[in-house]
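Work through these exercises with the structure open beside you. Try each task before you read its solution.

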Amino acid sequence: MAGSELTNVKSPRVKAARRLTKRAFREQDRKFLAEGPQAVREALRLDGVTVELFATAEAESRHPEIVAEAVAQDVPVHRASGEVMAELSQTVTPQGLLAVCRLVHVPLEEALTGQPRLVAMLAHVRDPGNAGTVMRAADAAGADSVILTDASVDPYNGKCVRASAGSLFHLPVVTGAPVSDAVRRLKERGLRVLAADGAGKHTLDDVDLSGPTAWIFGNEAWGLPEEILAQADDVVRVPIYGRAESLNLATAAAVCLYASARAQRAT
């Protein structure tokens, strides 16, 4: 650990990190905060992403391997008091580790290089917890990338980063893509574009998911607008076998992505 403990919540270093809780400053500084051991660990696995690390003495003793990895990469490590960590943290109970990271999203064209077989696109998704959870599900299902359209939440929102559980650092993430542009590029790359919507004429049981597929998931409250549904090759709903009215966005996305992953692996 470097130097003495940071105890002043108004110090320039703390203020510079704290401002990254605001989207405008994240975009301006091209940096964001990754909080907790899982996120920090995954950030350190990407070369040149972690700018600096704040750690309490307790977290240092609990996760010495993370601090050691930061030191090995010449990432500045600052011991922070509980008060400073509470100032920087966006959780009720800070975990004592917080990294300042460079933005990791990639251009749409780069995310679709090679032969992508499974892509998740979030259109007008506003809840950061849902967006992060879909990222995590896409990562677990072996998706090649995640696309967030220009009307969707910032993936660097603290809640979104935490909900992704490190998956933000695992797969290419595109931000700010216009829906029509993304759909066109996906089709050009040979992917069948399916819109997940409760009003779909077909269910997951009816469609062949063995080929390259891109799923579009919509807003938590109102789903996908007609103009986006019209651009998809098909509109598909998750069948409800019991008495539940519907599934929430993240659960439905996980079901769809895993259905595609399973079908593709069976061929």
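Four exercises follow, each with a worked solution, and the model they use is predicted.

**Exercise 1. Two helices in the annotated domain**

Task: Find how the axes of helix H3 (residues 37-44) and helix H5 (residues 64-72) are oriented, and list the residues that make the contact.

Solution.
- Step 1. Start with the axes. Those of H3 and H5 come within 10 Å and cross at roughly 30°.
- Step 2. Apply the cut-off. Angles under 35 degrees count as roughly parallel. H3 and H5 are therefore roughly parallel to each other.
- Step 3. Add the hand. H3 passes H5 in a left-handed crossing.
- Step 4. Name the residues. H3 contributes Pro-37, Val-40, Arg-41 and Leu-44, while H5 contributes Glu-65, Ile-66, Glu-69 and Ala-70.
- Step 5. Sort them by class. The contact of H3 with H5 has 5 nonpolar and 3 charged residues, but no polar ones.
- Step 6. Recall a rule about helices. Residues three or four places apart point the same way, because an α-helix has 3.6 residues a turn.

**Exercise 2. What covers H3, and what does the record say?**

Task: State how many residues of H3 are buried. Then say what covers them and which annotation covers residues 33-107.

Solution.
- Step 1. Use the cut-off: buried means under 20% relative accessible area.
- Step 2. Count. In H3, 6 of its 8 residues are buried, so the helix is mostly covered.
- Step 3. Identify them. The buried residues of H3 are Pro-37, Ala-39, Val-40, Glu-42, Ala-43 and Leu-44.
- Step 4. Look at the neighbours. The cover includes strand E2 (31-35), strand E3 (50-55), H5 and strand E5 (97-102).
- Step 5. Turn to the record. An unreviewed UniProt entry annotates residues 33-107 as "domain: RNA 2-O ribose methyltransferase substrate binding".
- Step 6. Describe that span. Residues 33-107 are 40% helix and 25% strand, and the end C-alpha atoms lie 21 Å apart.

**Exercise 3. A second helix pair**

Task: Describe how helix H8 (residues 128-140) and helix H12 (residues 249-266) pack.

Solution.
- Step 1. Take the angle and distance. H8 and H12 pack at about 15°, with their axes 9 Å apart.
- Step 2. Draw the conclusion. H8 and H12 are therefore roughly parallel to each other.
- Step 3. Add the hand. The crossing of H8 and H12 is right-handed.
- Step 4. Name the residues. On H8 they are Asn-130, Thr-133, Val-134, Ala-137, Ala-138 and Ala-140. On H12 they are Leu-249, Ala-250, Ala-253, Ala-254, Leu-257 and Tyr-258.
- Step 5. Sort them. The contact of H8 with H12 has 10 nonpolar residues, 2 polar and no charged.

**Exercise 4. Residues in loops**

Task: Locate His-124, Ala-165 and Pro-172, and describe each one.

Solution.
- Step 1. Know the background. Most residues other than glycine have a negative phi.
- Step 2. Take His-124. Its phi is near 65°, a positive value. His-124 sits in the loop between strand E6 (118-122) and H8. At 21% relative accessibility, His-124 counts as partly exposed.
- Step 3. Take Ala-165. Its phi is also positive, about 55°. Ala-165 lies in the loop between helix H9 (158-164) and strand E8 (173-177). Its relative accessibility is 22%, so Ala-165 counts as partly exposed.
- Step 4. Take Pro-172. This residue is in the loop between H9 and E8. Pro-172 is partly exposed, at 31%.
- Step 5. Find what Pro-172 touches. Leaving out residues up to four places away in sequence, its contacts are Val-106, Ala-111, Asp-144, Ser-145 and Val-146.
- Step 6. Set sequence against space. Pro-172 and Glu-110 are 62 residues apart in sequence, yet 8.4 Å apart from C-alpha to C-alpha.

Definitions and conventions
Residues are numbered from 1 along each chain as its sequence is written. This is a predicted model: local features need pLDDT of at least 70, side-chain atom pairs count only at pLDDT 80 or more; totals for chains, interfaces and linings use all residues. Side-chain values use heavy atoms; hydrogens and water are left out. Axes are lines fitted to C-alpha atoms, for helices over the stretch in contact, and angles run from 0 to 180 degrees between N-to-C directions. Helices (H or I, at least four residues) and strands (E, at least two) are DSSP runs, numbered from the N terminus. Angles under 35 degrees count as roughly parallel, over 145 as roughly antiparallel, 65 to 115 as roughly perpendicular and the rest as oblique. A crossing is left-handed if the near helix is turned anticlockwise from the far one by less than a right angle, and right-handed if clockwise. Contact means heavy atoms within 4.5 Å. Ala, Val, Leu, Ile, Met, Phe, Trp, Tyr, Cys and Pro count as nonpolar, Asp, Glu, Lys and Arg as charged, and the others, Gly among them, as polar. Buried means under 20% relative accessible area, exposed over 50%, partly exposed in between (1.4 Å probe, protein chains only). UniProt positions are given in the numbering used here, feature names are shortened, and annotations may be inferred rather than shown by experiment.
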